[in-house]
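Student: I have a new structure on my screen and no idea how to read it. Could you walk me through it?

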Amino acid sequence: MEPVVRHVEPVMGTVFSFDLRPRTGQRSSVDEAIRKAVAWLHWVDATFSTYRPDSQISRLGRGELRIEACDPRVAEVLELCEVEHAASGGYFSSIVAGRLDPSGLVKGWSIELASRLLTAHGITHHAVNGGGDVRVAGRPTPDTEWQIGVAHPLQPGALTSVVSGTDFAVATSGTAERGAHVLDPFTGQPPTGLASVTVVGADLTRVDCVATAAFAMGEQAQPWLEQLDGFEAYAVTDTGMAWWTSGYPTYGSVPSELATS
Amino acid sequence: MRRVLFAVVSTVVGLVALLGFKTHAPEALALGGTGTTGGTTTTTPKTAASAAPSTAASKAASGTRTLTGSSIDTRYGAVQVEIKVSGKTITAVNAVALPDQDGHSAQISQYCAPILSQEAMSAQSAQIQMISGATFTSDGYIQSLQSAIDQI
């Protein structure tokens, strides 16, 4: 029987959980893979944290450091932020309250790259959860799929959906997300209409940003998500209703008491 | 013209869906290892007959282990969860710390604890490995719960 290796790491103001399913004979490489992934997450935190005045992103934001002097990953993240800004019609933004803050992209991106790092070390079957944003690869066992519960935003602890499959990413954005509040960049106010929106796709960097942008859009998110290729979504409104994109049931469970309108 | 699907979201419906998933993924989560918060644990799957309880975790009745999750700070205060594991099943989930500095937080505490206890067990029955979500208190609860589950 193959072992299950779990690791919990507090970093970036939240808790990261690793669930690794190494094949027989990979015990030593799994330890090395975890060490590398954990070191990567702490490096990301030290470099991109807006809570650390000495981080490169804080110094860049204050104009004390030029982008050319930063680690190349900083420019990479800011370019990704620009892509997501454009793709979301301006709803995803790396400028929060007039300050440079790419936090909305950094966590998902760091998990995505941690997952790729694990795969590069031969650990092709794993799940990584960073404060509710999840990337899975391969399978938990040869004949099962990963199953990710989606927390109910209005009933703490209850689940509202379960996403299952292999090799996918899930991110949920909601009213009380940790860290910076999600604001509608056009009004500067918290968005209305949605309690949370969960997005499923292939790459957690994009999935996380799409979830954030969709939440900022509020009720307008539904048609936007429907026409978006490569992503499916499930949302709970602040009145306790749910809606989902037409392809979501392929990946996730939906409430069975349907009222079609 | 796209069809818009609406449904009332309820815990009951969620539980029905979870039960459906149980048959979809009958493989049992393998238990038997020991764990520490903030570290790595390795669990070698064992058959039911040979599944030995942890020696590191505290034992209550025969084969029952108590695992305590990390204390997670939320905007309402610290949240910490403890689970009891018997054999291959989570038998109880208790909040050992929930915010109660003011009326609002206390209300949240009273409201969320029983639902969470029920739901964590349905998560176990559905063989869910991870939770995606984004709320303050439940986020802390889920993180603490996840860290307790990670010790199984």
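**Reading the model step by step**

Tutor: Sure, and keep in mind that this is a predicted model. In chain A, 55% of the 261 residues are buried. Chain A has six helices and 13 strands. Of its contacts with a separation of 6 or more, 57% are between residues 24 or more positions apart.

Student: How do I read a nonpolar core, and which residues touch the most other members of the largest one?

Tutor: The general idea is that in soluble globular proteins, nonpolar side chains tend to be buried together. Here the largest nonpolar core has 79 residues, and those touching the most other members are A:V199, A:V207, A:A214, A:A233 and A:A235. Helix α5 of chain A, residues 204-217, gives this core its largest share, 10 residues. Another core, of eight residues, lies apart from it and includes B:L67, B:I83, B:V85 and B:A148.

Student: What is A:V199 in contact with, leaving aside its neighbours within four places in sequence?

Tutor: Its partners are A:A171, A:V207, A:V210, A:A211, A:A214, A:F231 and A:A233.

Student: Now helices. At what angle do the axes of α4(A) and α5(A) cross?

Tutor: Generally, two packed helices are described by the angle between their axes and the distance between the axes. In this case, helix α4 of chain A (residues 103-120) and α5(A) have axes that come within 7 Å and cross at roughly 150°. Angles over 145 degrees count as roughly antiparallel, so that is how α4(A) and α5(A) lie to each other. The crossing is right-handed. Among the residues making the contact are A:W109 and A:I111 of α4(A), with A:V207 and A:T212 of α5(A).

Student: And sheets? In what order do the three strands of the open sheet come?

Tutor: Strands of a sheet pair through backbone hydrogen bonds, either parallel or antiparallel. This open sheet runs β8(A)-β7(A)-β8(B), and its pairing is mixed. Its edge strands, each pairing on one side only, are β8 of chain A (159-165) and β8 of chain B (130-132). On average, neighbouring strands are turned by 30° against each other, direction ignored. Strand β7 of chain A (residues 146-151) runs parallel to β8(B), and three bridges join them. You can spot A:I148 opposite B:M130 of β8(B).

Student: One last residue: is B:S147 buried or exposed?

Tutor: Count the other C-beta atoms within 10 Å: 20 or more means buried. B:S147 has 25, so B:S147 is buried. You'll find B:S147 in helix α3 of chain B, residues 136-149. The C-alpha atom of B:S147 is 8.0 Å from that of B:T68, which is 79 residues away along the chain.

Terms used. Residues numbered from 1 in each chain as written. Chains lettered and ligands numbered in written order. Predicted model: local features only at pLDDT ≥ 70, side-chain atom pairs only at ≥ 80, totals over all residues. Helix = DSSP H or I, 4+ residues; strand = E, 2+ residues; numbered from the N terminus. Buried ≥ 20, exposed ≤ 12 C-beta atoms within 10 Å, placed from the backbone. Contact = placed C-beta atoms within 7 Å. Core = buried A, V, L, I, M, F, W, Y, C linked by C-beta atoms within 7 Å. Pairing = 2+ DSSP bridges. Axes fitted to C-alpha atoms, helices over the stretch in contact; angles between N-to-C directions. Parallel < 35°, antiparallel > 145°, perpendicular 65-115°, else oblique. Left-handed = near helix turned anticlockwise from the far one by under 90°.
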